[in-house]
There are 2 protein chains.
Amino acid sequence: MPPPPHDRPLPETERTRHRRLREQGSLDRADLDAILAAGFVCHLGVSVDGTLMVVPTVYGSDGSTLYFHGSVASRSLVASPGAAVCVTVTHVDGLVLARSVFEHGVNYRSAMVFGVPRPVTDPDEKLEGLRCLTEQATPGQWDYARRPSRKELAATALLALSLEEASVKVRTGPPDDGDSPDAELPVWAGVLPLHASWGAPEPDPLLTPGIVAPPHVAQRSAVQ
Amino acid sequence: MPPPPHDRPLPETERTRHRRLREQGSLDRADLDAILAAGFVCHLGVSVDGTLMVVPTVYGSDGSTLYFHGSVASRSLVASPGAAVCVTVTHVDGLVLARSVFEHGVNYRSAMVFGVPRPVTDPDEKLEGLRCLTEQATPGQWDYARRPSRKELAATALLALSLEEASVKVRTGPPDDGDSPDAELPVWAGVLPLHASWGAPEPDPLLTPGIVAPPHVAQRSAVQ
């Protein structure tokens with residue numbers, strides 16, 4: 001499958017059209033790429049035996065395909081092949097505290113990807129997908145840890161979802177009631193930012209003495 | 001509706017039974033309460049006009065009921081009243097870095113709540129639900145900001161979901177390959193913790209000069 005054209009906006013479909021809060025919607029593929037690149041856990045929505053489930057799972061994105069572990073979704077795919085899923089990646093950036101409760105909100109970046117996932121069966125693509133997934137969470141780890149054996153590879157269920165159809169929403173900035181009558185109230189308004197940061201690496205108690213954390217792990221908490 | 005009995009474990013149903021990684025499942029209602037209390041954004045899975053969607057939205061929990069904004073879900077409820085949803089709250093606590101890629105994982109706490117949401121129409125319950133939702137994100141804010149007017153209340157779609165049926169999963173601790181043959185590899189293994197923290201409050205540029213952030217907002221970044 002050819003990669004989606006990155007010089008064109010995301011297609012507006014029946015599923016991705018922004019019906020409300022239109023100003024928060026983006027059809028810019030660069031926004032989608034940035035949101036996906038900034039995370040490593042998605043929420044996978046899938047119908048399993050008729051029950052709608054939303055499951056957190058790790059993912060990797062190479063710009064045109066989103067790879068994710070398929071243990072839960074596999075059950076659905078076996079039960080009803082061709083079933084559509086929705087994969088959502090969300091970053092919460094802060095609380096929007098307005099003068100009135102009604103205008104309160106959240107600054108966030110979110111991407112919803114729609115489509116029918118494809119089980120990855122080709123060993124080479126499966127290896128590439130797992131590399132993508134591993135590097136998404138911990139850049140540098142694929143060349144450092146022991147790679148999957150043939151047996152492990154066979155035991156891993158991996159799914160691929162095209163990034164062709166996606167809906168991006170972003171909210172930034174202060175609350176919206178700064179020019180309303182509420183602005184005369186003696187109430188503080190603004191944003192309380194929420195940050196995610198890496199802590200210091202915690203060695204496995206069973207770690208062989210003398211092995212130190214590699215730079216791509218140890219330096220992460222210093223960087224962010 | 002009477003609150004669920006807090007001295008009994010969560011009921012194990014067809015939907016909440018842990019089929020794999022059983023050791024990560026919890027039927028302890030205190031775990032559910034703690035996971036819900038620690039967050040304010042959930043991922044709502046809902047079928048809208050036949051399309052499965054996973055939407056991030058704010059929520060509040062009072063221990064027996066989960067309240068959430070219903071703008072998206074409302075469309076579904078109108079189209080097909082009585083439709084089931086799945087609401088998932090996830091906290092990502094760190095990366096589990098093993099000797100082998102195959103054993104890599106994530107430390108996390110996650111709760112999935114299943115049920116048919118009920119539109120909140122009674123003004124008193126709606127006010128109470130909005131208080132719950134506001135206090136979940138920003139404790140102290142309900143008594144500080146201007147509360148919803150009757151008109152604003154009518155314009156707010158709020159849904160209530162019973163916490164009777166839920167699935168809780170928790171993973172903590174180091175990787176699992178410390179006693180495997182891989183432990184002889186010269187590869188560092190352990191956990192890279194991920195922390196969420198509040199930054200310093202950012203005043204609205206349109207804020208009336210002289211109004212300072214109240215203690216329940218200003219002191220939050222110092223506490224966490």
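Okay, so let's start with a term: two strands pair if DSSP finds at least two bridges between them. Helices (H or I, at least four residues) and strands (E, at least two) are themselves DSSP runs, numbered from the N terminus.

Before we use that, some housekeeping. This is a predicted model, where local features need pLDDT of at least 70, side-chain atom pairs count only at pLDDT 80 or more, and totals for chains, interfaces and linings use all residues. Residues are numbered from 1 along each chain as its sequence is written, chains are lettered from A and ligands numbered from 1 in the order in which they are written, and side-chain values use heavy atoms, with hydrogens and water left out.

Right, chain A on its own. You've got six helices and 11 strands there. Of its 224 residues, 52% count as buried, and buried means under 20% relative accessible area, with a 1.4 Å probe and protein chains only. Now take the contacts in chain A, meaning heavy atoms within 4.5 Å, with a separation of 6 or more: 71% of them come from residues 24 or more positions apart.

Now the fun bit: how many residues of chain A are in contact with chain B? It's 86, and they touch 86 residues of chain B. Together the two chains bury about 7,000 Å², 68% of it on carbon and sulfur atoms. That buried area is the accessible area (1.4 Å probe) that two parts lose on being put together, summed over both.

What about charges? The rule finds four salt bridges across the interface of chain A and chain B, where a salt bridge is a side-chain nitrogen of Lys or Arg within 4 Å of a carboxyl oxygen of Asp or Glu. One of them joins the side chains of Asp204(A) and Arg99(B), at 2.7 Å, N to O.

And which strand gives the most to the side of chain A that touches chain B? That's β10, residues 190-198, with nine residues.

So let's follow β10(A) around. Across the interface, five bridges join β10(A) to β10(B), also residues 190-198, and the two run antiparallel. In that pairing, Ser197(A) has His195(B) as its bridge partner. Then two bridges join β10(A) to β11(B), residues 202-203, again antiparallel, with Gly190(A) opposite Pro203(B).

Back inside chain A, β10(A) pairs with β5(A), residues 85-97, in the antiparallel sense over four bridges. There, Val96(A) stands opposite Val191(A).

Technical notes. Buried means under 20% relative accessible area, exposed over 50%, partly exposed in between (1.4 Å probe, protein chains only).
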